[in-house]
Amino acid sequence: VGKCEGRFEDEGWRVRKDSSQFWANVVSTALYDDAGTFRGFSKITRDLTERKKSEESARRLVEEATARRLAEENARLIQEQRERLLVTLASIGDAVISTDVRGSVDFLNPVAEEFVGWKSGEAVGRPLEDVFRIINEETPQAVENPATRDLKNGKISRLGNRTFMNSQDWEEPPHSAHAQPLRAAAG
């Protein structure tokens, strides 16, 4: 503070003699006597640490409330999208079975439930090969499941000649099938 400026004010962190920090408001003022002669400076330092902490807490609470509202809105939107997709998949006239990336069943639509003979609640979490069994028509031996293979190599395929899938009770006639990996935007 120069003699001509008269007054200076600042807020910021300061250090006490014991090395602890505090948030301070500091006002320095030039002092003059009645004749206008400069006599020195006055410096007033106020500890505003509690006010600063309160302001920071209020700011954090506002940020947390905003983040919570955004998260709740995102969760609501995700739930709406999920419900729309499930209704769509459940309404498809073909059997639809989906798995996670490890090949464990995570969804059967009603047509698939009827076809494979598994209820969704029983099938979810099981390996695809347990629920979606494929055999050779001539030898009745199990063959590699194209969906499991396609999860590994990322390609789309159909059942080979002389292979078919059948229901859990083996009473359904043979059906053809194809598998296709579904990828998120990130791959």
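D10 is a good place to start in this predicted model: with a relative accessible area of 31%, D10 counts as partly exposed. Its side chain meets that of R14 in a salt bridge, with 3.1 Å from N to O. R14 is also partly exposed, at 27% relative accessibility. Side chains of opposite charge can pair when their charged atoms come close. The pair of D10 and R14 is one of 13 salt bridges that the structure holds.

For further salt bridges, let's move along to helix 1, which spans residues 49-91. Here K52 and E56 sit 4 residues apart, about one turn of the helix, and they form a salt bridge whose closest N and O atoms are 3.8 Å apart. How buried or exposed are these two partners? K52 has a relative accessible area of 18%, and because buried means under 20%, K52 falls in the buried class. E56, with a relative accessible area of 26%, is partly exposed.

E56 has another partner in R59, and the closest N and O atoms of that salt bridge are 2.7 Å apart. E56 and R59 both belong to helix 1 and are 3 residues apart, again about one turn of the helix. R59 is partly exposed, with a relative accessible area of 37%. Which residues are joined into one network by salt bridges that share partners? They are K52, E56, R59 and E63.

Just before this helix in the numbering, have a look at the strands. Strand 2 (residues 21-32) and strand 3 (residues 38-47) pair in the antiparallel sense, over 9 bridges. To find your way across the pairing, take A30, whose bridge partner in strand 3 is F41. The two strands form a hairpin with 5 residues between them. In the turn of that hairpin you will find G36, which has a positive phi of about 90°.

Our last stop is S104, in the loop between strand 4 (97-99) and strand 5 (105-108). Is S104 buried or exposed? S104 is buried, with a relative accessible area of 15%. Which residues does S104 touch, leaving aside those up to four places away in sequence? Its contacts are S98, T99, G125, R126 and P127. Two of these names, S98 and T99, bring you back to strand 4 (97-99), one of the strands that flank the loop of S104.

Technical notes:
Residues are numbered from 1 along each chain as its sequence is written. This is a predicted model: local features need pLDDT of at least 70, side-chain atom pairs count only at pLDDT 80 or more; totals for chains, interfaces and linings use all residues. Side-chain values use heavy atoms; hydrogens and water are left out. Buried means under 20% relative accessible area, exposed over 50%, partly exposed in between (1.4 Å probe, protein chains only). Contact means heavy atoms within 4.5 Å. Two strands pair if DSSP finds at least two bridges between them. A salt bridge is a side-chain nitrogen of Lys or Arg within 4 Å of a carboxyl oxygen of Asp or Glu.
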